[in-house]
Amino acid sequence: MLLARVIGNVVATQKNQRYEGSRIMLCRQITPEGEDMDYTCLALDSVDSGEGDIVIIAQEGWSASTAATGKPGAAIDSAIVGVVDRVDLIS
Amino acid sequence: MLLARVIGNVVATQKNQRYEGSRIMLCRQITPEGEDMDYTCLALDSVDSGEGDIVIIAQEGWSASTAATGKPGAAIDSAIVGVVDRVDLIS
Amino acid sequence: MLLARVIGNVVATQKNQRYEGSRIMLCRQITPEGEDMDYTCLALDSVDSGEGDIVIIAQEGWSASTAATGKPGAAIDSAIVGVVDRVDLIS
Amino acid sequence: MLLARVIGNVVATQKNQRYEGSRIMLCRQITPEGEDMDYTCLALDSVDSGEGDIVIIAQEGWSASTAATGKPGAAIDSAIVGVVDRVDLIS
Amino acid sequence: MLLARVIGNVVATQKNQRYEGSRIMLCRQITPEGEDMDYTCLALDSVDSGEGDIVIIAQEGWSASTAATGKPGAAIDSAIVGVVDRVDLIS
């Protein structure tokens, strides 16, 4: 899983039926220290995350579909599976 | 999933039978701000997308096959699963 | 899926039984304009492709195994699933 | 699988139910010689690893879910599956 | 699949039970011409490969688990599935 910050969302009227009723969040990966990285991706929200939140993203079809819709086999490869309260680094 | 723009398509007569009747679109990844990136890929259309459209691509065999053909196990790892109307970034 | 050119093949006597009778092709990724890229990979042929051909490669275990052997669960993560006749780019 | 060092952990109250009772470790990939690399990821612990340990991480939904929870289909794409005692390089 | 050279192995006493009795090989990716690349990974041996061998590595959970243990669902994402005798490049 990767650490990311929610930086926006995407609106798509014409889409796969499995996406109905779900929010497609735009996320940017961050370092453990919280700095922005180049990598961005789209992920379905499954934990009621909001814009600006630091989140955990799972990226694999079976896992992400199950997290986001409760069923495997949906057309989903990335889901937000947690909202991060705190990152503890070894000092 | 990733954000991309449809930049063309590929014609292949000699191909896996699961591709029959499907359009193989050539797509270029874009940044959230809409700028071209280096990464390009081929993706089966599953939402009647057209050239020039900004699209959402799912990249994983189980998910992409299900989206593009209604069944898992097809020889497909990337499918266009949505056409983007609008990207909303946190200002 | 990715666009690639077949640049050779690999001979391996000591191998997983699922590879028996299949050709293991060495492929180099190309840009939509046909230029060589750095990325190379091995892919099982499933569409009678030949050296020098521009091909479509699917990269995911379930999809690639099904394409190359007709069954999932083979020890295969990449298969050639089409031979490209023509790439049409938006002008 | 990849070699990594456990460098911390992440606390998330609001998360997918499959993560309940599991520790989410923050890991940094290392070279075979033990030097830090840029890549970091989050992985569920499945072998009672501790901070500072050199570990083996498996990264794929089916495998990682099975390792971390005993069942496939969990919202997990990376799990710590071993604690490394020794790396032997050909001299 | 990718071309690699076996450069060592890893000893781990505390590990997932599916790894019992298997050798965890440390591998470095090579170019088609045989030159070392930066990428290294850990892969379970399934074809009795030895250190210094040029090998074929399959990287995907379902495929790699099946190759290495005969069953899917093991905590394995990479397996050595062949020992290369010869690489034939188009001249």
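1. Before anything else, one definition: contact here means heavy atoms within 4.5 Å. With that in hand, look at chains B and D in this predicted model. Chain B and chain D are not joined by any contact, and their closest C-alpha atoms lie 11 Å apart. Chain A and chain C give a matching story: no contact joins them, and again the closest C-alpha atoms lie 11 Å apart.

2. So which chains do touch? Chain D and chain A are one such pair, with 33 residues from chain D and 28 residues from chain A taking part in the contact. Put together, chain D and chain A bury about 2,300 Å². Carbon and sulfur atoms give 57% of that area.

3. What about charges and polar groups across this interface? Between chain D and chain A the rule finds 0 salt bridges. Polar contacts do turn up, though: 13 residue pairs, with both residues at pLDDT 80 or more. If you want to see which parts of chain D are involved, colour β1 (2-11), β2 (14-15), β3 (24-30), β4 (36-45) and α1 (61-69), since these are the elements of chain D that give two or more residues to the side touching chain A. The largest share comes from β1(D), with 6 residues. Sorted by class, that side of chain D holds 17 nonpolar, 11 polar and 5 charged residues.

4. Now have a look at the strands that meet across the chain boundary. Strand β6 (residues 79-83) of chain A is joined to β2(D) by 2 bridges, and the two strands run antiparallel. Want one pair to click on? A:V83 has D:Q14 in β2(D) as its bridge partner.

5. Next, the symmetry. Two copies of a chain are related by a rotation about an axis and a shift along it. Here, chain D is superposed on chain A by a rotation of 72° with 0.0 Å of shift along the axis, and the RMSD is 0.0 Å. That is the relation of a five-fold axis. Which residue of chain D comes closest to the rotation axis? D:E60 does, with its C-alpha at 5.8 Å. The copies use different surfaces where they meet: 6% of the contact residues of chain D recur in chain A.

6. Let's move inside a single chain. In chain A, strand β3 (residues 24-30) and strand β4 (residues 36-45) run antiparallel and are joined by 6 bridges. Along this pairing, A:L26 stands opposite A:L42 in β4(A). The two strands form a hairpin with 5 residues between them. In its turn, A:G34 has a positive phi of about 95°.

7. Strand β4(A) has a further partner to check. Is its pairing with β6(A) parallel or antiparallel? The sense is parallel, over 2 bridges. Here A:L44 stands opposite A:A79 in β6(A). Strand β6 of chain A therefore deserves a second look, as it is also the strand joined to β2(D) by 2 bridges.

8. Try chain E as a check on what you saw in chain A. Strand β3 (residues 24-30) and strand β4 (residues 36-45) of chain E pair in the antiparallel sense over 6 bridges, with E:I30 opposite E:D36 in β4(E). The hairpin of β3(E) and β4(E) has 5 residues between the strands, and E:G34 takes a positive phi near 95°. Strand β4(E) also runs parallel to strand β6 (residues 78-83) of chain E, joined by 2 bridges. In β6(E), E:A79 is the bridge partner of E:L44.

9. Chain E also has a contact with chain C, made by 28 residues from chain E and 33 residues from chain C. About 2,200 Å² is buried between chain E and chain C, 57% of it on carbon and sulfur atoms. The count of salt bridges between chain E and chain C is 0, while 13 residue pairs are in polar contact, both at pLDDT 80 or more. On the chain E side, β1 (2-11), β5 (54-59), α1 (61-69), β6 and β7 (86-89) each supply at least two residues. By class, that side has 16 nonpolar, 6 polar and 6 charged residues.

10. Last point: strands meet across this boundary as well. Strand β2 (residues 14-15) of chain C pairs with β6(E) in the antiparallel sense over 2 bridges. One pair to find is C:K15, which stands opposite E:G82 in β6(E).

Notes:
Residues are numbered from 1 along each chain as its sequence is written. Chains are lettered from A and ligands numbered from 1 in the order in which they are written. This is a predicted model: local features need pLDDT of at least 70, side-chain atom pairs count only at pLDDT 80 or more; totals for chains, interfaces and linings use all residues. Side-chain values use heavy atoms; hydrogens and water are left out. Buried area is the accessible area (1.4 Å probe) that two parts lose on being put together, summed over both. A salt bridge is a side-chain nitrogen of Lys or Arg within 4 Å of a carboxyl oxygen of Asp or Glu. A polar contact is a pair of N or O atoms within 3.5 Å; within protein, one must be able to donate a hydrogen and the other to accept it, and residues adjacent in sequence count only if both atoms are side-chain atoms. Helices (H or I, at least four residues) and strands (E, at least two) are DSSP runs, numbered from the N terminus. Ala, Val, Leu, Ile, Met, Phe, Trp, Tyr, Cys and Pro count as nonpolar, Asp, Glu, Lys and Arg as charged, and the others, Gly among them, as polar. Two strands pair if DSSP finds at least two bridges between them. Copies are superposed by least squares on the C-alpha atoms of residues with pLDDT of at least 70 in both.
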